[in-house]
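Hi,

Here is the structure I promised to pass on. Have a look at it first, and my notes follow below.

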Amino acid sequence: MNDDARSSRPARRGGAGRRASRRRAVEFLYEAALRGDDPVTLLSGRVGSVEVDPVSDYTITLVEGVGHHRERIDEVLAEHAQGWSLRRMPPVDLAVLRVGLYELLWAADVPDPVAIDEAVGLARELSTDDSPRFVNGVLGRIGTVADRLRAVL
């Protein structure tokens, strides 16, 4: 890659790729849930702090997006998580589902299969042995109606 191409790229705080940014967003959502805090408020207290690793732009986008659309995200999850209430879900799985659903419905630059696959990967990495199948099932059901949902957002 030449220097001209490199300099024309937007700078990212923290140098994290999207996968690492997704993981970090899940961590913020999970921590906020455990503390009973608002994730955007928690995030804003960390961005720019010398005491924590830099926060990537995409992590900020995800946490703010989930925060902004949280009510609608939770409604859609509750509707499609057959036999599971949000209160019954493990907090890590719920954080993964929220990030995955945000990307599925609001991140126009993320193809639906990528949003689902990345969420399943996070569940595999961060949660129980049953979590990837659960996350795939919920987001897969939503994926079949994603175009209709996006039309009414």
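Let me start with a single residue. Ser85 sits in the loop that lies between H4 and H5. Is it buried or exposed, or something in between? With a relative accessible area of 39%, Ser85 counts as partly exposed, because that class runs between the 20% and 50% cut-offs. Asp74 lies 11 residues from Ser85 in sequence, and their C-alpha atoms are 9.9 Å apart in space.

Please keep in mind that this is a predicted model.

On the overall fold, the chain has 8 helices and 0 strands, so from the N terminus on the order reads α-α-α-α-α-α-α-α. Of the 153 residues in the chain, 41% are buried. Among contacts with a separation of 6 or more, 71% join residues 24 or more positions apart. The chain exposes about 8,600 Å², and 48% of that comes from carbon and sulfur atoms.

Now for the interior. The largest nonpolar core holds 45 residues, and those with the most contacts inside it are Leu77, Val96, Leu97, Leu101, Val135, Leu139 and Ile142. Two or more residues each come from helices H2 (18-35), H3 (39-46), H4 (57-80), H5 (91-106), H6 (112-126), H7 (131-143) and H8 (146-151). H5 gives the most to this core, with 10 residues.

Which residues does Leu101 touch, leaving aside its neighbours within four places in sequence? Leu101 is in contact with Ile73, Val76, Leu77, Trp106, Leu139 and Ile142.

Happy exploring, and best wishes!

How values were computed. Residues numbered from 1 in each chain as written. Predicted model: local features only at pLDDT ≥ 70, side-chain atom pairs only at ≥ 80, totals over all residues. Heavy atoms only, no water. Core = buried A, V, L, I, M, F, W, Y, C linked by side-chain atoms within 4.5 Å. Buried < 20%, exposed > 50% of the residue type's maximum accessible area, 1.4 Å probe, protein only. Helix = DSSP H or I, 4+ residues; strand = E, 2+ residues; numbered from the N terminus. Contact = heavy atoms within 4.5 Å. Areas by Shrake-Rupley, 256 points an atom, 1.4 Å probe, with all protein chains shown as cover.
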